[in-house]
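Me: I've got a protein model open and I'd like to go through a few of its features with you. Can we take it step by step?

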Amino acid sequence: MERVLIKNLEENELSKISGMIKTIRNTKYMIFIKLKDRTGYIQVSVDKIKEELAEKCAALTTGSFVSFTGKMVMSEYVKDGGKEFLPDDVEVLSLAEAYPIEENALPDKKLDYRWIDLRCDAKEYIIPIQSAFVKYLRDYLYNQDFTEIHTPKIIGTASESGSSVFEVKYFNDKAYLAQSPQFYKQMAIASGLERVFEVAPAFRAENSNTNRHCTEFTSFDLEFAYINSYEDVMHLEEEMLTYALGKLKENFGDIIKERFGQEVIVPNKAFPRIKLFDLYKELEKRYGYKIPEHDIGDLNAETEKLACKFAMEEYGSEFLFITDYSKAKRPFYHMRDENDVPQGYDLLWRGMEITSGSQREHRYDHLKHNADEKGLTKDVEFYMQFFKYGMPPHGGFAIGVDRLTLLLLGLDHIRDAQFIFRGPNRLYP
């Protein structure tokens with residue numbers, strides 16, 4: 001008999017269901033099993049009059065994988081949609097041992113058994129919701145005629161950004177794990193693809209032990225050509241996020257509210273914009289906060305939190321675009337205006353930066369000047385080749401998928417937003 005998914009069960013129709021046992025309750029006359037598959041739950045009710053079946057079910061354990069054959073009936077006494085499964089037979093696919101962790105286990109212990117930790121009632125939704133979020137972002141870009149690409153993660157140069165890199169042995173040579181696909185996205189633009197994106201791992205060898213940092217994360221990157229300014233990049237991002245949040249609210253809003261206590265708020269207007277130094281003035285005037293001298297020209301974690309507070313108070317928006325950063329704090333490939341101000345932005349959401357984006361410098365001579373100024377001339381020779389043979393005006397941005405998930409669901413730490421976490425002290429499982 002073919003397996004039937006729980007959501008597809010028909011009343012009084014002989015069916016086979018398979019899944020994982022979430023809970024077992026053994027009473028005097030009945031055994032109640034909560035069974036889960038990828039589509040939901042159902043209560044399996046075993047009458048002890050069926051002695052052989054009841055004996056088999058009494059030996060089952062939480063976490064075991066089983067198949068039941070029987071019929072689904074509707075019952076006013078049963079939760080989970082009023083559906084109850086009455087089995088005639090059970091097949092044990094895999095009998096689970098007692099769990100090695102409890103719900104209140106320490107975070108590191110839970111990470112040791114991450115696949116078991118993800119079986120918890122709320123956590124089991126994290127990865128499916130994240131997957132849906134990425135799908136909706138992808139769908140928007142496909143509808144805007146973007147092409148998905150796949151760039152190498154083993155690279156020959158370590159100068160994509162200011163972050164540290166992981167060095168790897170590559171036969172008899174030295175290589176690095178990619179910090180981002182930035183150079184290759186721009187290579188794709190030079191090849192004539194015009195609109196590209198990628199969802200892929202990125203690596204940062206930063207010894208940062210905070211709730212927002214990790215050494216391997218999933219980056220959602222895009223680049224597109226024939227823009228007029230970085231305003232075009234900002235506009236595309238706000239439309240993309242608004243579309244994805246709308247789909248999330250439609251399909252997962254109730255679950256996110258019930259399981260995580262978070263409201264999915266869909267923007268109904270353009271995200272507000274503010275220049276960095278104007279923001280500094282607002283934060284000092286409103287909250288008495290003065291940016292530390294070493295952070296002038298950029299943001300820090302405290303500034304991000306206060307900036308989002310300001311955005312809600314002033315504009316009623318969870319999002320805030322910040323522009324006009326110092327050139328010393330921005331990558332050399334950001335275009336600059338006649339006053340040497342980088343034509344880029346950061347996007348903040350719910351107290352945290354989620355995106356850096358910009359119009360890229362596409363003119364070879366200007367790009368070379370910027371690289372020379374930062375002392376990168378030798379390091380970026382490979383990259384500079386893309387611009388010698390023609391490059392259209394273009395721009396783009398990157399979003400950390402894990403950080404998006406962290407903020408969407410109101411999680412405490414980015415380790416909870418990832419399927420498997422990698423940090424300075426975490427290399428297993």
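Reply: Sure! One definition to start: two strands pair if DSSP finds at least two bridges between them. Keep in mind that this is a predicted model.

Me: How many bridges join β7 and β9, and in which sense do they pair?

Reply: Pairing takes at least two bridges. Strand β9 covers residues 173–177, and its pairing with β7 is antiparallel. One contact to look at is I154, which sits opposite L177 in β9. The count for β7 and β9 is two bridges.

Me: Which strands stand at the edges of that sheet?

Reply: The sheet is open, with three strands in the order β7-β9-β8 and antiparallel pairing. An edge strand here has a single partner, so one of its sides has no neighbour in the sheet. That fits β7 (154–155) and β8 (167–170).

Me: How many disulfides does the whole structure have?

Reply: A disulfide needs two cysteine sulfur atoms within 2.5 Å. Take C214: its nearest cysteine sulfur belongs to C308 and is 19 Å away, and C214 is in no disulfide. Searching the whole structure gives a total of zero.

Me: Is C214 buried or exposed?

Reply: Buried means under 20% relative accessible area. C214 has 10% relative accessibility, so C214 counts as buried.

Me: What kinds of residues line the second largest pocket?

Reply: This pocket has a volume of about 710 Å³. Its lining has 27 residues, with K36, D37, R38, G40 and E124 nearest the centre. Sorted by kind, the lining has 13 nonpolar, four polar and 10 charged residues.

Terms used. Residues numbered from 1 in each chain as written. Predicted model: local features only at pLDDT ≥ 70, side-chain atom pairs only at ≥ 80, totals over all residues. Heavy atoms only, no water. Buried < 20%, exposed > 50% of the residue type's maximum accessible area, 1.4 Å probe, protein only. 1 Å grid on protein atoms, 1.4 Å probe; cavity = no way out; pocket = protein on both sides within 12 Å on 5 of 7 lines; lining within 4 Å. Points joined across faces, edges and corners; volume = space filled by probe spheres on them. Nonpolar A, V, L, I, M, F, W, Y, C, P; charged D, E, K, R; others polar. Helix = DSSP H or I, 4+ residues; strand = E, 2+ residues; numbered from the N terminus.
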